[in-house]
Amino acid sequence: MFVLSILSKRYSIGSSSFQFQKYHSSSKRMDAIKTIITTIVGGDNDTNPSTASNEQIRHQLCKIDELQNGQMKEFEVKTSLVNTSVLLIKQDDKFHAYSSKCCHYKLPLAKGVLINNRLRCFAHGACFRVDTGDIEDHPGHGNLPKYDVEIVDGQVILIGNKQDLEKVERSKIPDNLEVDAKPVVAIVGAGAGGFTCADMLRQNGFRGRILLFTREGTLPYDRVQLSKQPLKKAQDLLLRDQTYFKKAKIDLILDTDVTNINWSTKNLTYHTLGKQMKSEPYDYLVLATGLRSRKLPSSIRGGDLRSVFYVRSMADANNLVNKVKSPETKNIVIIGDSFIALELCGWLTTGLAGPDGKQDEADKKNVSVVMLLKAPMIRIFGEKIACALQKVHEKNGAKFYSEANVTELTGENDIAKFVQLATGESIPCDMVIVAIGSETCTELYKDSPIEMSEDHFIKVNDRLETSVEHVLAVGDISKHPLKVFNLNEVNCQHWQMACSTGHQAADTILHHYLGQTKGGSRPLKTDLYTVPIYWTTQNNKTTIRYAGYTRDPENVVIHGDLDGEFKFVAYYIVDGYVRAVAQSKYDPLSSEVAEVFHHRRNIRKEDIENDMYGYRKYLDFKTKKPE
């Protein structure tokens, strides 16, 4: 047992951590402290809500020996002033207290992965620094609220006020932010990459102007939810509200189309919704124009009928939902086997249920999926998982047409009524959803000094810089190194990767900016270093999480039950080593493997061939094994 001297019985600091001290317990002193805590927190009869937000709350969490180094635990904080929970982490004999929910989708961080100074969310892979709570990798935006703690007679005491304890995230942007006229960062595109770049610039000290251009008429939003949860309200999809943009002094320019860039004079021209032409100078330019839905080829007649839908924007999703809800819509044909195609299939067959979880017969839809390949998403997960995934959807009522070619859409009154296949089959439909992939929006860079790949992506280095000085490219339009696997010119079209490249582009600009100001050095990343992460919601009970990167999904080791409850782990092998993992219902396994990848530990095929958790020997995982 550790022994605390009389002079150090009580120790506190003003940050989110304190040094683990030697102690000697005293029952009398502890009783007195409990009384103090109760008095400061207040009793059940508190009747002064106007001062509650600033009133200090002291709450006893646990004994200091309840957690070992490298462990974390969620604690409820219930008082007359506040009802919340906090996450307590012990690392290097220090305690750190944070909000218990991830800034991304507000899921419990206690289920995540804690390795060294990184805390990774179990579900979608967002990473936070343990010593500061700052976001280190994505998805998600914002930093973890951090709280002060004290140690009193071997007890960990949380200190905070109501307002801070109820926050779900923390911003580093000052309330009284002042910006300079120069330098100017112009960002073309306000999707995941563009918005994250703007946000991280402000969060980490950039005080010049930020111009954020978007073709859409809405604030930046969570695009991946359009196919996963189409019924979500628009305000619930927003990454940030209007108040944020006003506080951060980011000039969000909606309904604009950037039509020309003068690379030598550093000036861009754009059209507004009213077709008015304007121009803006820039010092740094970030290209984040992203993707658009691939249209049906012109050889397929009927592709322009009014009942043909694509899903790329919030407006697209709203139009689709309205059509699906129509009583006349009974037969729905999905063309394609992409993420969007299968996620919408799952939503149509299982996500239209009411509050009681039951779907009325009158509301059920006949859903057909037409695809070119043998099984859905076979190029991503491999044949075994793809075939099992198809069975999951078939059990929920979907019908699949494999290795099928669409030749024509026929109808009447400009509305599609049948999808014609090359086999002669005719599938009845009241609406058609086309989800056959995407293509890059890179016409703006044609005949420019920007170096492009043969398949129309922008080539960037590991700092996201293009071939033109002070011009960067992020997100789906870029091909960049993937240093975690020593790969060059990789294009990963995932939400997390778009956010991560936007973050790195911001840090690259900040290195230039802070080097020329009195801002000095900051803990900025010098180059892109991340593990690709994505997830796909196939229906209301089935989600697949994926970490890593491979081009060969057939070289795979699978554990679990594909045909029954679709609960499995798949390890994808490249040259004898695991380079990617997919799993369903085995959280937090994919996040654990992502941390092994992050630390550049090589998992051999023989490590996991007979042991699903064979990777765990490469890092000190103190969290509980997945059930």
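**A three-stranded sheet and a pocket**

Let's start with a pair of strands: S25 and strand S26 (residues 415–421) run antiparallel and are joined by six bridges. Strands here are DSSP E runs of at least two residues, and helices are H or I runs of at least four, numbered from the N terminus; two strands pair if DSSP finds at least two bridges between them. One bridge links Gly411 to its partner Ala416 in S26.

The model you are looking at is predicted, so local features need pLDDT of at least 70 and side-chain atom pairs count only at pLDDT 80 or more, while totals for chains, interfaces and linings use all residues. Residues are numbered from 1 along each chain as its sequence is written, and side-chain values use heavy atoms, leaving out hydrogens and water.

Now widen the view. S25 and S26 belong to an open, antiparallel sheet of three strands, ordered S25-S26-S27. Its edges are strand S25 (406–412) and strand S27 (426–428), each pairing on one side only.

Stepping back further, the chain has 13 helices and 38 strands. Of its 627 residues, 55% are buried, meaning under 20% relative accessible area with a 1.4 Å probe, protein chains only. Among contacts (heavy atoms within 4.5 Å) between residues at least 6 apart in sequence, 62% join residues at least 24 apart.

Finally, which elements give two or more residues to the lining of the second largest pocket? They are strand S11 (146–152), strand S12 (155–161), helix H3 (192–203), helix H5 (234–237) and helix H6 (242–248). A pocket is an open set of points on a 1 Å grid over the protein atoms alone, where a 1.4 Å probe fits, with protein on both sides within 12 Å along at least five of seven lines; lining residues have an atom within 4 Å of a point.

Notes. Buried < 20%, exposed > 50% of the residue type's maximum accessible area, 1.4 Å probe, protein only.
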